[in-house]
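Visitor: Please take one part of this model and give it a close look. Start from its outer side, then work inward and on to whatever it touches.

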Amino acid sequence: MAMPIVVGVDGSAPSLLAASWAGQEAAIRDAPLHIVHAAVHWSHSVPLVPQPPTWGSGAEAAAREMLHQAAIHAGAGRPRLSITTEIVDGGASETLVNAAEEAQLIVVGHRGRGGFAELLLGSVSRYVVARSPCPVAVIRQPHAGDRGEIVVGVTGRAGQEPLLDFAFREAASRSAALRAVHAWVHPAVREPGDMQPLLYDVEGVGEEESLLLAEAIAGWRERFPDVTLIQQVVHEHPAKALINASTNTDLVVVGAHTGARSLLGLGSTAHAVLHHSRAPVVVVHY
């Protein structure tokens, strides 16, 4: 059996939207869906002031109803989808990261019940995206109808195989086109110690960057011959390019280099895309 897709819910509107998206994704992948709600079962011995309410039958019944509603959203129109639910004792962030060890994908809403309305990305989402050992999908708002296209950001640097593998497989499973976006803002440094010129030929550098993108995805064309591949090279910041592309796509796939995490456990591009994308975003660490 395929590894499950896991979605975390807390009863908020974003988490129910995440459950619905996760159900669709599980159906596309022919994978089981596991819906998780994390709840701290407080004890009277916990030295907190004020003492939080205890976990009683009423709280458990409310949590069960929450999971039931999430399952309804996830399974709507998908009668063959295998759905399981679970209440886990613990914090939501740690629960989902632990669940990621045996999942193929973790799905979260961009904010939960406890988030401040002005924050674009909630603390649980940030934590899970930064620390999950498997790809994480962050769901913002639904699109009105499928665009039939997925966007992936490609740097052209070595090590992006997990990112490209995810993007091509996702496009193949959806019968969608894949738009590989490569953005540049200045001549790339190829080797340590390289000096960047003060002046350069924009058109010439653009041709070099196009060749870099073509080389990065060359082998993947042969592996996925049925995927319609669109190559796009733009002269602007990578985050801006992906955010712009998110307007007309079903999904944005972005990489986060494990060895170069900076902002909240992510690189600057992934961080910006997560906050401002108009489409669901999947972050793949490599």
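**Helix H2 and its surroundings**

Guide: Ser-57 and Gly-58 are exposed residues of H2, and they lie on the face turned away from the buried side of that helix. The model is a predicted one. H2 runs over residues 57-75, which makes 19 residues, and its first and last C-alpha atoms are 27 Å apart. That is close to the 27 Å expected at 1.5 Å a residue.

The buried side comes next. Ala-63, Met-66, Leu-67, Ala-70, Ala-71, Ala-74 and Gly-75 are the buried residues of H2. They lie on the same side of H2, because the arc they cover around the axis is only 155°. The spacing along the sequence fits a general rule: an α-helix has 3.6 residues a turn, so residues three or four places apart point the same way.

What does the buried side of H2 pack against? Its partners are helix H1 (13-29), strand E2 (33-39) and strand E3 (83-89).

Past the end of H2 comes Gly-77, with a positive phi near 75°. Gly-77 sits in the loop between H2 and E3, and E3 is also one of the elements that the buried residues of H2 pack against. Is Gly-77 buried or exposed? Its relative accessible area is 77%, and the cut-off for exposed is over 50%, so Gly-77 counts as exposed. Gly-77 also leads back to H1: its C-alpha is 9.6 Å from that of Gly-23, although the two are 54 residues apart in sequence. Gly-23 is among the buried residues of H1.

H1 itself can be checked for length in the way used for H2. With 17 residues at 1.5 Å a residue, H1 should span 24 Å, and the distance of 24 Å between its end C-alpha atoms agrees. Besides Gly-23, the buried residues of H1 include Pro-14, Leu-16, Ala-19, Ala-22 and Ala-26. Trp-21 and Glu-25 are buried in H1 as well, and both take part in the contact with another helix, H5.

Two packed helices are described by the angle between their axes and the distance between the axes. For H1 and H5 (residues 161-174), the axes come within 9 Å and cross at roughly 80°. The two helices are therefore roughly perpendicular to each other. On the H1 side the contact is made by Trp-21, Glu-25, Ile-28 and Arg-29. On the H5 side it is made by Phe-166, Glu-170, Ser-173 and Arg-174.

The residue that follows H1 is Asp-30, found in the loop between H1 and E2. Its phi is near 55°, which is positive in a residue other than glycine. Asp-30 counts as exposed, at 68% relative accessibility. A second residue of this kind turns up after H5. Ser-175, in the loop between H5 and strand E7 (177-183), is a residue other than glycine with a positive phi near 55°. Ser-175 is exposed too, with a relative accessible area of 69%.

For contrast with the crossing of H1 and H5, take helix H7 (residues 238-245) and helix H8 (residues 268-276). Their axes are 9 Å apart and meet at an angle of about 30°. H7 and H8 are therefore roughly parallel to each other, and their crossing is right-handed. From H7, the residues in contact are Pro-238, Ala-239, Leu-242 and Ile-243. From H8, they are Thr-269, Ala-272, Val-273 and His-276.

H8 also appears in the cover over helix H4, along with helix H3 (92-99), strand E4 (105-109), strand E5 (136-139) and strand E10 (281-285). The buried residues of H4 (residues 123-131) are Ser-125, Val-128, Val-129 and Ala-130.

As for the setting, the chain contains 8 helices and 10 strands. Of its 286 residues, 44% count as buried. Among contacts with a separation of 6 or more, 77% join residues 24 or more positions apart.

Key
Residues are numbered from 1 along each chain as its sequence is written. This is a predicted model: local features need pLDDT of at least 70, side-chain atom pairs count only at pLDDT 80 or more; totals for chains, interfaces and linings use all residues. Side-chain values use heavy atoms; hydrogens and water are left out. Helices (H or I, at least four residues) and strands (E, at least two) are DSSP runs, numbered from the N terminus. The expected span of a helix is 1.5 Å times one less than its number of residues. Buried means under 20% relative accessible area, exposed over 50%, partly exposed in between (1.4 Å probe, protein chains only). The arc is that of the directions from the helix axis to the C-beta atoms. Contact means heavy atoms within 4.5 Å. Axes are lines fitted to C-alpha atoms, for helices over the stretch in contact, and angles run from 0 to 180 degrees between N-to-C directions. Angles under 35 degrees count as roughly parallel, over 145 as roughly antiparallel, 65 to 115 as roughly perpendicular and the rest as oblique. A crossing is left-handed if the near helix is turned anticlockwise from the far one by less than a right angle, and right-handed if clockwise.
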